[in-house]
Amino acid sequence: MVKPKTEEEIALLRENAIIVSKTLAEVGKAVAPGVSTLELNRVAETCIRDHGAIPSFLGFEGFPAAICASVNDVVVHGFPSDYILKEGDIVTADIGTLYKGYNGDSAYTFPVGEVSKETRKLLDVTKASLYKGIEAAVEGNRTGDIGYAVQSYVESFGFSVVRELEGHGIGKEMHEMPGVPNYGRRGRGALLTDGMTICIEPMVNAGGKSVYLDRNGWAVHTSDRKNSAHYELTVVVRRGKAELLSTFDFIEKDGTIRF
Ligand code: MG
Ligand code: MG
């Protein structure tokens with residue numbers, strides 16, 4: 001049984017979620033052909049620290065950077081590097097904060113310049129599947145209801161859901177119980193109760209679901225080298241409708257950038 005968060009804890013998680021959301025938007029403004037993923041890392045780390053927060057990924061189990069920057073066939077956990085983004089690439093920024101003893105964690109896949117129609121579709125479907133998952137994150141449902149909602153939506157477009165990685169509870173620890181898989185069966189898994197805080201994060205492959213671990217021990221690639229997208233938000237399970245803590249509004253409703 002997972003203990004729900006108090007409203008005080010939820011308020012602190014919301015503060016983290018807003019810092020992460022704003023940082024994702026800053027990274028999004030910097031995404032362009034000719035920019036390195038190390039530069040995106042620098043933008044993010046500066047933004048996080050300017051808000052008085054700590055980049056929680058830096059040093060987490062030895063991770064070497066403030067953000068994960070995963071390009072094209074990299075599903076998650078890419079190291080920022082001197083790789084120069086080019087027109088038609090996609091890059092996922094996954095960002096975590098530690099602030100006032102609580103964690104923030106959200107992710108967004110950005111197109112670099114103009115991307116192919118198929119890639120645009122992958123991004124749109126992956127993000128929409130996240131909102132399908134959020135719709136299922138209500139009291140009385142189970143984690144399997146979230147996974148089912150994500151998986152059935154994604155597969156109806158012929159894309160596939162990565163099985164090896166999943167969403168999670170969040171609080172004083174970045175990764176808490178329960179695990180929140182992006183596939184599953186309705187009515188199975190951990191029971192969701194009012195006040196539980198979870199990160200829902202579909203990782204969706206344009207091709208097959210198979211992935212492999214890079215030799216560096218971190219980056220997860222698609223086995224067929226096709227693109228993969230990843231969107232993550234933090235929500236509070238509530239009665240009837242989940243409450244969003246993080247948001248993509250800073251990215252999508254800023255007025256200067258639209259994806
Ligand atoms: Mg994340
Ligand atoms: Mg996460």
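# Notebook: two magnesium ions and their surroundings

I opened with strand 7, where His-168 stands opposite Gly-179 in strand 8. Strands here are DSSP runs of E of at least two residues, helices are runs of H or I of at least four, and both are numbered from the N terminus. Before going on, I noted that this is a predicted model, in which local features need pLDDT of at least 70, side-chain atom pairs count only at pLDDT 80 or more, and totals for chains, interfaces and linings use all residues. Residues are numbered from 1 along each chain as its sequence is written, chains are lettered from A and ligands numbered from 1 in the order in which they are written, and side-chain values use heavy atoms, with hydrogens and water left out.

**Strands 7 and 8.** I found three bridges joining strand 7 to strand 8 (residues 176-180), and the two run antiparallel. Pairing of two strands requires at least two DSSP bridges between them. The hairpin that joins strand 7 to strand 8 passes through six residues.

**Ligand 2.** Next I followed His-168 to the metal. The magnesium ion (ligand 2) has as protein donors Asp-105 (OD), His-168 (NE2), Glu-201 (OE) and Glu-232 (OE), at 2.1 to 2.2 Å. Donors are N, O and S atoms within 2.8 Å of the metal (3.2 Å for Na, K and Ca); water is not among the atoms, so sites may look incomplete. Along the chain I read the spacing as D-x62-H-x32-E-x30-E. His-168 sits in strand 7 (residues 167-169) and Glu-201 in the loop between strand 9 (197-200) and strand 10, so this pair ties together parts 33 residues apart in sequence. I looked up accessibility too: His-168 and Glu-201 are both buried. Buried means under 20% relative accessible area, exposed over 50%, and partly exposed in between, with a 1.4 Å probe and protein chains only.

**Ligand 1.** For the magnesium ion (ligand 1) I listed Asp-94 (OD), Asp-94 (OD), Asp-105 (OD) and Glu-232 (OE) as protein donors, at 2.0 to 2.7 Å. Asp-94 lies in strand 4 (residues 90-99) and Asp-105 in strand 5 (residues 102-111), so the pair links parts that are 11 residues apart in sequence. The donor residues here are spaced D-x10-D-x126-E. Asp-94 counts as buried at 6% relative accessibility, and Asp-105 does so at 2%. Asp-105 bridges ligand 1 and ligand 2, and the two magnesium ions lie 3.2 Å apart.

**Aromatic rings.** I then searched the whole structure and got eight aromatic pairs. One of them is Tyr-108 with Phe-248, an edge-to-face pair at 4.8 Å centre to centre and 85 degrees between the planes. Rings of Phe, Tyr and Trp (its six-membered ring) pair if their centres lie within 6.5 Å; planes under 30 degrees apart are stacked, over 60 edge-to-face, the rest tilted. Tyr-108 lies in strand 5 and Phe-248 in the loop between strand 15 (243-244) and helix 5 (249-252), so the pair ties together parts 140 residues apart in sequence. Both Tyr-108 and Phe-248 are buried. They belong to one aromatic cluster with Phe-110, Tyr-131 and Tyr-231.

**Open sheet.** Last, I traced three strands forming an open sheet in the order 6-10-13, with antiparallel pairing. Its edge strands are strand 6 (160-161) and strand 13 (228-230), each pairing on one side only. Strand 6 pairs with strand 10 (residues 203-205) over two bridges, and Ser-160 has Asn-205 as its bridge partner in strand 10.
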